[in-house]
Amino acid sequence: DDTASEVTCEVARDTRVGIATGNSTGVYYVVGNALAGQLPAATGGRLTGTAAETGASVQNIEQLVAGQYDVAFSLFDTAVNAVQGKESFTSAQPVQALARIYDNYTQVVVRHDAGISSVADMRGKRISTGSPKSGTEVIAHRLLQAAGLDPAKDVQAQRLDLTKTVEGMKDGSIDAFFWSGGLPTSGVTDLFTTAGDKVRFLDITPLLPKMAELNPAYQAGTIGRDAYRTAADTPTIVVPNVLLVRTNLDANVACAITRTLFERKDALVQANQAAKGISLENARRTDPVPLHRGAEKALQDLGAR
């Protein structure tokens, strides 16, 4: 727990932190493991970390608050809901941010033989909306609703992790899926590498105006053709990610993790190119999710704007 003493960024005693990530074939898991691996070298061995596979954003925040983890990856829209006590959260959650990190790209993939040209065409189809209590599920439901569909009634929702989703797309048991992740996501790479002739990305940007009304964090973006070696770029909707901690986490631990995130960025990029999006320019842009005071110290020392 935080002692409210001066923040030095020095971890005084051996400390281990648990990092809640996401599906094992997603970017959260890869980058989370890379961050955990950099903590000992960055802190003289005082701070170590273990990254765990989880259902992602909503579940991560619930388990963070419950004390099962100390750091959690989350989509920004879910984090805002948490601090405001909205949507998946019945009350304001005691969480704060270490930093805004890279953006997640909403990746909606359909089978060529499914007859789906828009989200509205998903009516009656077998749709993977992501792991239960994930940020992907939140966005999937919002997109379906924006298209005039009831996620509980109008589609055959499959609440599957990415590994099982990809398997279903390959064998034809799933018609389409939603995924919110960095570029590239290994599970999606696998699908386009082995079954690229059967699937394609769906342009969901016609739904952006309605999504932006729900949360201004939703912005236009592009899945470049190089990400998965597709024939063309795909317009899509992006949303930032944030790293969260409990409000009462020791400030020196929070400071050390934040500092490691930026000072060891090259190692994170080696793990996955999505980490290139981690920048000091955007690090403080977490409002209305407050920055932890330990993170404030780290970002100040690093020269973040």
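Start by selecting Cys9: at 2% relative accessibility, it counts as buried, since the cut-off for buried is under 20%. Keep in mind as you click around that this is a predicted model.

**Stop 1: the disulfide**

Now add Cys255 to the selection. Cys255 is buried, with a relative accessible area of 0%. Show both side chains as sticks and you'll see that Cys9 and Cys255 form a disulfide, with their sulfur atoms 1.5 Å apart. Zoom out and trace the chain between them: Cys9 sits in the segment before strand 1 and Cys255 in helix 9, so to speak a link between distant parts of the chain, 246 residues apart. Which hand does this disulfide have? The torsion about the S-S bond of Cys9 and Cys255 is about -55°, so the disulfide is left-handed. Don't go hunting for another one: a search of the whole structure finds 1 disulfide.

**Stop 2: the largest pocket**

Next, select Asp1, Arg13, Thr15, Asp250 and Val253. The largest pocket holds about 320 Å³ of space, and of the 17 residues lining the pocket, those five are the closest to its centre. Color strand 1 (15–20) and helix 9 (251–263), because each of them supplies at least two residues of the pocket lining. Strand 1 gives the most, with 3 residues. Helix 9 should look familiar, as Cys255 from the disulfide is in it. Switch to coloring by residue class and the lining of the largest pocket splits into 8 charged, 5 nonpolar and 4 polar residues.

**Stop 3: the largest cavity**

Time to go inside. The structure holds 2 cavities of 30 Å³ or more, and the largest has a volume of about 140 Å³. Select Tyr28, Ala56, Thr136, Trp179 and Ser180, which lie nearest its centre among the 17 lining residues. Then bring up helix 1 (27–42), helix 4 and strand 7 (176–181); each supplies at least two residues of the lining of the largest cavity. Which element has the largest share of this lining? Strand 7 does, with 3 residues. Color by class again: the lining of the largest cavity has 12 polar and 5 nonpolar residues, and no charged ones.

**Stop 4: the second largest cavity**

Keep strand 7 on screen. The second largest cavity has about 40 Å³ of space. Its lining includes Ser128, Gly130, Leu160, Asp161, Thr165 and Phe177. Thr136 and Trp179 are also in the lining of this cavity, and both lie among the residues nearest the centre of the largest cavity. Helix 5 (162–171) and strand 7 are the elements that give two or more residues to the lining of the second largest cavity, and strand 7 gives the most, with 3 residues. By class, the residues here divide into 5 nonpolar, 4 polar and 1 charged.

**Stop 5: helix 4**

Finish by selecting residues 135–146, which make up helix 4. At 1.5 Å a residue, its 12 residues should span 16 Å, and the end C-alpha atoms are 16 Å apart, which agrees. Is helix 4 mostly covered or mostly open? Mostly covered: 10 of its 12 residues are buried. Among them are Gly135, Glu137, Ile139, Arg142 and Leu144. Thr136, from the cavity stops, is buried too. One last click: just after helix 4, Gly148 takes a positive phi of about 90°.

Key. Residues are numbered from 1 along each chain as its sequence is written. This is a predicted model: local features need pLDDT of at least 70, side-chain atom pairs count only at pLDDT 80 or more; totals for chains, interfaces and linings use all residues. Side-chain values use heavy atoms; hydrogens and water are left out. Helices (H or I, at least four residues) and strands (E, at least two) are DSSP runs, numbered from the N terminus. The expected span of a helix is 1.5 Å times one less than its number of residues. Buried means under 20% relative accessible area, exposed over 50%, partly exposed in between (1.4 Å probe, protein chains only). On a 1 Å grid over the protein atoms alone, a cavity is a set of points where a 1.4 Å probe fits but cannot get out, and a pocket is an open set with protein on both sides within 12 Å along at least five of seven lines; lining residues have an atom within 4 Å of a point. Grid points are joined across faces, edges and corners, and a volume is the space filled by probe spheres set on the points. Ala, Val, Leu, Ile, Met, Phe, Trp, Tyr, Cys and Pro count as nonpolar, Asp, Glu, Lys and Arg as charged, and the others, Gly among them, as polar. A disulfide is a pair of cysteine sulfur atoms within 2.5 Å.
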